[in-house]
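The following exercises concern the surroundings of selected residues and of one strand. Please examine the sequence and the structure before reading each solution.

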Amino acid sequence: MPDSPWTAASDPSTQPAAPIRVLLVDDQQLVRGGFRMLINSQPDLKVVAEAGNGREALAALAAVSADVVLMDVRMPGMDGIEATSRILDSNNGGGPKVVVLTTFDLDEYALTAIQAGASGFLLKDAPPEELLEAVRTVYRGDAVIAPSTTRRLLDHVAPLLRTAGAPGSRHADAVASLTRREHEVFTLIAQGLSNPEIAAKLYLSEATVKTHVGHILAKLEARDRVQAVVIAYETGIVAP
C-alpha cells in the first residue's frame, strides 16, 4: 500500500486518558520509528502522527491535534525552519510547541529555527531520557531543554549571535531597559538555571522569580526562556 503524505499513529488502548500528543517530523523512517517506539513506551506520551517533511507536517496538523512537534531541520520539500515558522505564525504563537532536532554540523540551521520561534533544540544523539524530558518540559511551557546541550550549541554559534546583537540593536536596547534585579535574573536564566535554582541563589521566593521572569520576557519580547538565552548570547550577557 503506498505511503500517505503523513501517517497517523495507531491509538494504543493502554495510553492514559490525556497523554501529551507528539508529532514526529523527519525524512528518515528509521529515525521516526525509533522515536515512535521510545515515546509510545511512556504512559504519558503518545505519537499521534508522523511526517517526512515540513509540508507533510502542516498537513498532519490540519488533521490531528498535537501538543509538541519534534522537528528535523534539513528535509526535502520544506525544511524544518520554514515549517516551524509557518506552524507558529498560523497559531499566532500558540498551538503546538516545536523542538528542533539537530546535529552539530547543522548549527546555523538550528539557530535560525530557534530565532523563528522554536521552543528549543535537542541533539539527535541525545540520551533517550533527555528526549523524553524535553517533550514533557516543553509541554509544561518551561522551554528549558537540556541546559548543558543548549549551552554547548550556543557557545559553538556565539560569533553568529554576536553579529545579530550588535550595539544599538533592538535586543541591546531591551536588555538595557531591565532593572538591576531583572538583569541578575536574566543572567542566571542564560546560564541555564531553573526558577528554584535562581530563587535559592538570590534568596528570593520562587513566586518572585517567576514574576521577574515574566517581566524579562515581556521587555525582551521573547516567546520563552530559550529565546531569552539566545538574546543573552547576542548581547554579550554570557560568553562562551
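**Exercise 1.** Determine which residue of β5 stands opposite D72.

*Solution.* D72 stands opposite L101 in β5. D72 itself belongs to strand β4, residues 68-72; helices (H or I, at least four residues) and strands (E, at least two) are DSSP runs, numbered from the N terminus. Strand β5 (residues 97-102) runs parallel to β4, and five bridges join them. Two strands pair if DSSP finds at least two bridges between them. β4 also pairs with strand β2 (residues 20-25) in the parallel sense, over four bridges, and there L23 stands opposite V69.

The model is predicted: local features need pLDDT of at least 70, side-chain atom pairs count only at pLDDT 80 or more, and totals for chains, interfaces and linings use all residues. Residues are numbered from 1 along each chain as its sequence is written, and side-chain values use heavy atoms, with hydrogens and water left out.

**Exercise 2.** Establish whether D72 is buried or exposed, and describe the faces of β4.

*Solution.* Buried means under 20% relative accessible area, exposed over 50%, and partly exposed in between (1.4 Å probe, protein chains only). D72 is buried because its relative accessible area is 4%. On one face of β4, V68, L70 and D72 are buried; on the other, V69 and M71 are buried. Five of the five residues of β4 are therefore buried, and the strand is largely enclosed by the rest of the structure.

**Exercise 3.** Classify K219 by its accessibility.

*Solution.* K219 lies in helix α11, residues 206-220. K219 counts as partly exposed because its relative accessibility is 32%.
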